[in-house]
Amino acid sequence: MGGQKFEYDESGSTFFYFVLSFLALILVPATFYYWPRKRKEDPAKLAEQCQCPSCLKKRIIIEQSQPYKNFKNFLIILAIVSGWVLLGFLTVKVSQFDYEMSNFDPYDILGLPPGATQAEIKKSYRKQSLILHPDKETGDEKAFMRLTKAYQALTDDEARRNWEKYGNPDGPGAMSFGIALPSWIVEKENSVWVLGLYALVFMVALPTVVGTWWYRSIRYSGEQVLLDTTQMYFFFCHKTPSMPLKRALMILAASCEFDKRHNSEIIERITDNEEVPSLLRDLPNLGEKNKEQPLCRPYSIKARALLHAHLSRMKLPEDTLEVDRRYIVSRCPDLIVEMVNCVNQLIALAYARRIPRLPTIETIENCMKLSPMIVQGLWEYKSPLLQLPYITEEHLKYFTNRKKHIKSLLQLAQLPGDERRQLLRFLNDEQYEDLVKVLGNMPYIHFQVNTEVIDDENSTVVTAGAIVTVTVLLQRTNMKELFGDSSIREKNKIKEEEENVEGEDKEKDKEKNDKKDVFKRPVWMKQGKKMQKKSKKVVKQVKAAPPTPPPPDVKKKEKEPKKKDDDGDESDANSSDESGSHSDASANESRDKSSPEDDDDDQWEKFQKRLQKRERLEGRSKSSHPVHCPYFPLEKQEFWWCYICDRKSHTLLTAPAHVTALVDSHELQLRFTAPRWPGVYTLACCLRSDSYIGMDQQQDMKLDVKEAAAVPAEHPQWDLTDSDSDHNDQGDNESEFTTDDEVEEE
């Protein structure tokens, strides 16, 4: 294109434009996201926090664990403020460029008023040229050039016409495109430095950063656990199919995260040579004489001793072993999750006939038991009441010197307020209120189980070899809803009456409502005093009813028969209605066989799949409810494991679902293959907490397996000979579930 030229930025205006826009794009979001701000905590949440000495000490330790937080915030503020100052300077600079380039006034440059005579113009020009001439000491080349152009614009006729017409004494200038880089970058004397900078950034710094990130990433699994640790878990879980609890704790302590050769955060002190042997003498049944590798290594023995001391709530030296204990304990929850995943994968490999020995259900459950033990700093055989503040071993005698022995947190929550206060009379009023506050915020989970075969014609009948889908609905409430206080009882009665009225209104307007899940009220809200008798069991079994199916879309059903009558076409459902009786039973059968309901079910399943896919893409949320755990050095959220197992054959049927976002309610689906032989099987749906001891629940499920339908005769390629089927039955009988009839015969 004629008249155009591309050149590097000589004046610097284009480069300043580029820097200004680039800095603004970075500075605005950085200020919004990284500016340090003090979060004002909710007074209600502060009032719900425990004020026991252990919790206060934990908060102080958490605040002190970030010594460079204030300095880091200062550096962030300094960087952001410096960026805004630079942005303001560039804005002023660019505005000056615009003023100089767009406002050319010769009278203003010469310092004369408009309409000055030629003599005044010449006089002003001579006076300023003596000052601004480049040969003078006070000379300025750019200012002298502007002065000359202004003089020409007022004295030369052609230059004056150009200024009046184009705003420039030189006439219309050529369009120029400036590259947003200063010209000194391509100058010959600076080429070595520019090439050196490019080589440093793209050939040294960038490969180093990418290589470091890649080297660190390939060492860790998805749970940010070292792959060497995962390999060790696989080895020992395969070596010990029936793993006791102390064995699992020993393997946990041997994790590579606690070895200085794998983790640079581990600190080895000279004082360990004296303090660790002294600690080993105070801990019985530690198993320090085990000769297995790496269970016998010094780091493993030290970590095992610190975990035993943590579970026994022993006092350790503050500046040495106590610091190591807090670090080791803080890493344990993620390691336990990885250990559970390893056992689950071994069980899957055993079902696939890739490994000979199948880990038992007790192995994976013992691994799960480690998590609440570590979080609460308490052995499993200890009383769950020790999880409450101010309760020690000496106070347990007050809970047993009664006609009704209080052994669980549920029993304590169900006591009337007067009896509970009398039971805890050894506490003052502030301590009692603090304890009741902590107890009231603890979780009580009610879960409902619904079993169905989704892909079968009759979803309620389970046939041999079918894929069984178990839908589990978890509903969380606070333990304070179980308090036996009279005021709370009255509130519960009012809630029940309101819900009963709402239930009647819903039944009247059932045909007008959209499709949604309707679940029964929690069992504990109806049982009342009966729950106190059943709560003596550690593992609580709840009789749950399956959720009622969503109501069908009535409007579509009313429209479709009219269309069929007008067109003269008849479906199978209409023909059965005409030939059969007009009873309610035949009407319900026709509704079950009609296509609109099937379409609604398909749409509902697609909607659920889209929701699950969105959850997978967004990532699992790990925010539920805070856990009262004064002996755990970090803040902890409530997580749960849910799975199905067969207690009689000691096998795990579904992979444990790790529920990390149970705020109010959560629904999950567990799938497994039904046995190949008809019979009645008793399975168990288990729910385990990773934060509290004594919160586990188990619900028994009766699975009535029917014989599968015969294969159609028109498919001879599917037929199996009698010898092959007998051989398969004999070979696969060992891994199938045990029916109730077989147990009675044994």
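**Exercise 1. Overall composition**

What share of the contacts in the protein chain with a separation of 6 or more comes from residues 24 or more positions apart? Set the answer beside the secondary structure, the burial and the accessible surface of the chain.

*Solution.* The model is predicted, and every value below is computed from it. Counting the contacts in the protein chain with a separation of 6 or more, one finds that residues 24 or more positions apart account for 71% of them. The secondary structure of the chain comes to 28 helices and eleven strands. Of the 746 residues in the protein chain, 38% are buried, while the chain as a whole exposes about 46600 Å², of which carbon and sulfur atoms supply 54%.

**Exercise 2. Nonpolar cores**

Identify the residues with the most contacts inside the largest nonpolar core, and find the helix that gives the most residues to this core.

*Solution.* The largest nonpolar core has 123 residues, and L252, V472 and M479 are those with the most contacts inside it. Helix α14, which spans residues 321-351, gives the most to this core, with 14 residues. Turning to M479 and leaving aside residues up to four places away in sequence, its contacts are L409, L410, A413, L439, G440, M442, P443, Y444 and M695. A second core, separate from the largest one, has 15 residues, among them I121, Y125, F144 and W163.

**Exercise 3. The surroundings of α11**

Which residues of α11 are buried, and what covers them?

*Solution.* Helix α11 covers residues 245-253, and because eight of its nine residues are buried, the helix is largely enclosed by the rest of the structure. The buried residues are L245, R247, A248, L249, M250, I251, L252 and A253. L252 also belongs to the residues with the most contacts inside the largest nonpolar core. The elements that cover the buried residues of α11 include α10 (227-239), α13 (298-311), α14 and α15.

**Exercise 4. Packing of α13 against α14**

Two packed helices are described by the angle between their axes and the distance between the axes. Apply this description to α13 and α14, and list the residues that meet.

*Solution.* The axes of α13 and α14 lie 10 Å apart, and the helices pack at an angle of about 90 degrees. An angle from 65 to 115 degrees counts as roughly perpendicular, and α13 and α14 are therefore roughly perpendicular to each other. On the α13 side the residues are K302, A303, L306, L307 and H310, and these meet L321, D324, R325, I328, V329 and C332 in α14. K302 and D324 also take part in a network of salt bridges that links them with R269 and D272.

**Exercise 5. Salt bridges at E365 and K437**

Side chains of opposite charge can pair when their charged atoms come close. Describe the salt bridges of E365 with R647 and R688, and then the salt bridge between K437 and D434.

*Solution.* The structure holds 19 salt bridges. In one of them, the side chains of R647 and E365 meet with an N to O distance of 2.7 Å. This pair links distant parts of the chain, since R647 lies in the loop between β6 (640-646) and β7 (651-652) and E365 lies in helix α15 (residues 361-376), 282 residues apart. R647 has 28% relative accessibility and counts as partly exposed, whereas E365, at 5%, counts as buried.

The side chain of E365 also meets that of R688 in a salt bridge, at 3.6 Å from N to O. Here too the pair links distant parts of the chain, with R688 in strand β10 (residues 679-689) and E365 in helix α15, 323 residues apart. R688 is buried, with a relative accessible area of 12%.

For K437 and D434, the closest N and O atoms of the salt bridge are 3.6 Å apart. Both residues lie in helix α19 (residues 429-441), three residues apart, which is about one turn of the helix. K437 is partly exposed at 24% relative accessible area, while D434, at 3%, counts as buried.

**Exercise 6. Backbone geometry**

Most residues other than glycine have a negative phi, and most peptide bonds are trans. Where do the residues R313, H650 and P294 lie?

*Solution.* R313 is not a glycine, yet its phi is positive, at about 55 degrees; this residue is found in the loop between α13 and α14, and at 25% relative accessibility R313 counts as partly exposed. H650, also not a glycine, has a positive phi of about 55 degrees and lies in the loop between β6 and β7, where, at 37% relative accessibility, H650 counts as partly exposed. The peptide bond from Q293 to P294 is cis, with omega near 0 degrees, and P294 lies in the loop between α12 (272-282) and α13.

Methods
Residues numbered from 1 in each chain as written. Predicted model: local features only at pLDDT ≥ 70, side-chain atom pairs only at ≥ 80, totals over all residues. Heavy atoms only, no water. Salt bridge = Lys/Arg side-chain N within 4 Å of Asp/Glu carboxyl O. Helix = DSSP H or I, 4+ residues; strand = E, 2+ residues; numbered from the N terminus. Buried < 20%, exposed > 50% of the residue type's maximum accessible area, 1.4 Å probe, protein only. Contact = heavy atoms within 4.5 Å. Areas by Shrake-Rupley, 256 points an atom, 1.4 Å probe, with all protein chains shown as cover. Core = buried A, V, L, I, M, F, W, Y, C linked by side-chain atoms within 4.5 Å. Axes fitted to C-alpha atoms, helices over the stretch in contact; angles between N-to-C directions. Parallel < 35°, antiparallel > 145°, perpendicular 65-115°, else oblique.
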